[in-house]
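Work through the exercises below with the sequence and the coordinates side by side, and attempt each task before reading its solution.

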Amino acid sequence: MSRSRSIRRACAFLPLMPFVLFIAAGVGYTVIQSLGLWISAQPGESYPAGYAVILRSAWFYQSLLYSLWIATASTLLSVVLGTLLALLLRGLPQRLYPFALMYKIPLILPHVVIGLIVLLGFGRGAALGRLLAAPGSSALVSAYVFKSASFVTLLVYAVLRGFDLRQLETARMLGAGALRSFRALLLPVILPPAATAGVIVFLFSFGAFDLPFLLGASRPAMLAIDVYNRYWYRDLSARPAAMASLVVMFLFSLLFVTVYFRLVRRQKHGIRHV
Amino acid sequence: MKPTERYRLVLLTLAAFLLIACTAQQDVNLLELDYPRIEQQARGGEVRFAMWGGDARINRWVDSYVVPELQQRYDIRLLRVSTDAAQVVNRLLTERQAGRDRGSIDLIWINGENFRRARREDLLFGPYTHLIPNLELTDPEEVSYDWGFPVDGYELPWGRGQFVFEYDSAIINQPPDSIEALDRWIRNNPGRFTYPQPPDFNGAAFIRHLFYYFSGGYRDYLDGFDKERYQQNSAALWDYLREIEPYLWRGGQTYPADKAQLDVLFENGEVDFNMSYTQSGAQGLIDAGRYPPSVRTFVLQRGTLTGIHFTAIPFNAPNKAAAMVVSNFLLSADAQYSKFVPQNWGDFTVLDLDRLSDAQRQRFLELDLGPATLPVDVLAQHSVPEIPAEYVDAMVEDWEREILRRE
Amino acid sequence: MFERSAGPAQRRDYLRLAAIAGLFALPVVMLLFYSLSARGQTELTLRAWRYLFAERRNFVTALASSLGYGFSAVIVAFFSCVLPAKAIARAHGSHTAAIEAVLLTPALLPSISFAIGVHQLFIRAGLVDTWVGVLLILSFVSYPYMLRALIASYESIDPAYEQCARNLGAGALRTFLRVELPFLLPGAAAGGSVVFLVAFSDYFLVFLIGGGIVPAFTSYLVPFIRSADYSIASALSIVFLIVPIGLFVLQDRALTLLLQRRGMSI
């Protein structure tokens, strides 16, 4: 490859450079402030780094574990329900399929509206009470599942559509049981899109703000809400800890993003949905 | 006057006008002007007013009364921005640090710890209040300190709130009007009481009452922040709050995130008490059909906190002149009266009635505050001053550590 | 078990459909019902809809602003992603895979993990509280959807087409407009829909960067939910559902017409 061609190819990425740089700068700024620098208006004055504070606080671990837990529960439920729904859709006669498209409604609805629906669904009179009472989580998990199951369905259904159902019949004619033919034929098809969808759902329910803001309880708090409170409602001395939480959150997310791309690359047929 | 002199005068005035036009953004100039000139300069301006947006009635009052009045009287366009003072102060800090001389907020609704923080980091414009004519309608002794912190001309008084508890008299005959009685009531009726999670304004105010109670009253704290004294005296408060937590709504597992959520719990009958820093807010909610007519308010025998809230102008407000005119209007007898009407907002006036004209004073005195509002003299007799702002910050921080995180 | 029968729908199929409807259409019916009810009353009322009509100025401003930055995000995403998408699709190698992964990451990360840092940055740059700032931050988190869709589209275009057009003497721009664009449109429309949805329905980023000054439909809705005014919140949510659905139908029609005129089928 000639030099000028590779330069030209690099130029092709210029339009996206500002975005990437801004985001990188945002992360950089977070890291710097997590170290206690660039916070005070007085030149030269700095605060102690925030890591010692959060890593020594049981509350931080609680928030982190709680966020991970909510994300895990939401992911597992979404993947199972979404996949079942996709299978159900696949079995529907062609004529009825257009009506079934309403499964996409949660994809269109913003998270804040999903939050409202969950609030209403939990019973109006005592909505707030029951929600906040549920060990902090059932409302949140239901909201995430309601939103994300459709997403899983979307991806799984896309591959199921290309799956020749006669394979199942053949397997049965050859004497395979329902479970066995599911495991041997259907599962390998379903698993890749379900897994990628799962990672996306996980990342989302791990760090999103909108839904915990509407549905979350005070204790334990989702990480995003904890950071938000520290960032807005404390004085500057709390800033490094808030930023340090964000850095930890960022690193965790990066880990899952890596998992995601590993999964995607393994998928030969290139069904990739970011 | 000789023609040449007249000519010179015209030139001079022109030059002056040009100068004003060119330096409209320069604050020093503004502080040297007199009020009529400021008002002149403010015409046609736009003011972004950052105010806590959690109360629909307050928002509606601003939108339906203040906005059109300002438009009509001064040709000023007021835009209400729903963010609370803490957020504005936080942002101003970064703007100050980055040297941004042109911000986006012109006026902030502020008091207490946020004002102290803003002053300490030099985030406010001023001193300017000596230029504001309506300041003369207030009692200087009352409005020169904001929770123990000197105002020094950097914020203008706007209203006076007193903390009251709200309850439904159809359910409770004898409201528990002392900390002891309230404590008994909470223990006897598990799950029927809670308070909004600090840093919510009302929740933080509620625990200040307990702090006063456990440490012998407000008199010990009038002379500024004393860290040692605070730490000694606050231990009992945290012990107590931990002790009653199991008797609170949902066993204290969670707290309403803000006043709006407590309102909902109270309206739905999930808890029996609401709390408010607006004396006649309950009456307004009755008239709006949100509360049953049997709702009443009470104060503690040893008194409840009374605080004045203010408006201030950020150091980098793009339109300071118009912001000054707006804050002057908010302090006018007309606007103060409109705000005083329970159906509008119910916030008490910060004006000294003795300094008003007879007609104006009569209006205030004759206003019917409704059966849910305590008589003005009862309120006045049961009023205790706010604590210095540093204590508030410390208490909010400690509440999170001691109660929320249980560390 | 999951066969798709070619024959007429059976009772079993209607049951399945009913299950789906129960899950997904019921919440919408619920919203509609609550929008017609009032706090503490049993009979239906139009209070919420009347309120929205009386408040139409604020509410329409908020909606227009949200639509505005939603569409702008789509346009920004399209123009900034076309060239990179082509470069990635035409190059095969581990480098490009890595570049693609990096470029797609912003959509996967929780936005708060970099948005607070960006907020500090924007305060310094004077972009906070501005429409441009909101558009920028929304573009950061939504362009990957466009990028991914365009890469897929470019992968489906045979480079020979382009070469052919060039050989016939068409310039780069002409080649793009006449040859590539028609192929890209369906993908761009699909990616654009997601970009639009992400931008249009975001609450946190708009509130953070817009500071309550940039009007937004979500910022208009959330206070009603927080203060439990469920009837007005429900009415607003229905608008929230209708607007994107209407737009998608329109877009679908427009795209079909356009491509049919060009003799392509989709």
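Two exercises follow, each with a worked solution.

This is a predicted model, in which local features need pLDDT of at least 70 and side-chain atom pairs count only at pLDDT 80 or more, while totals for chains, interfaces and linings use all residues. Residues are numbered from 1 along each chain as its sequence is written, and chains are lettered from A and ligands numbered from 1 in the order in which they are written.

**Exercise 1.** Determine where in chain A confidence is lowest and where it is highest.

Solution. Begin with pLDDT, the predictor's confidence in each residue, from 0 to 100: its mean over chain A is 84, and 90% of the residues reach 70 or more. Next, compare the helices (DSSP runs of H or I, at least four residues, numbered from the N terminus): confidence is lowest in helix H8 (residues 127-133) of chain A, with a mean of 50, and highest in helix H2 (residues 17-34) of chain A, at 94.

**Exercise 2.** Check the length of helix H6 (residues 112-125) of chain C against its expected span, and establish how many of its residues are buried.

Solution. First, take the expected span as 1.5 Å times one less than the number of residues; the 14 residues of H6(C) should therefore span 20 Å, and the end C-alpha atoms, 19 Å apart, agree with this. Second, apply the criterion for a buried residue (20 or more other C-beta atoms within 10 Å of its own, with C-beta atoms placed from the backbone): 12 of the 14 residues of H6(C) are buried, among them C:Phe114, C:His119 and C:Phe122. Finally, look beyond the helix, where C:Gly126 follows H6(C) with a positive phi, near 75°.

Methods:
Helix = DSSP H or I, 4+ residues; strand = E, 2+ residues; numbered from the N terminus.
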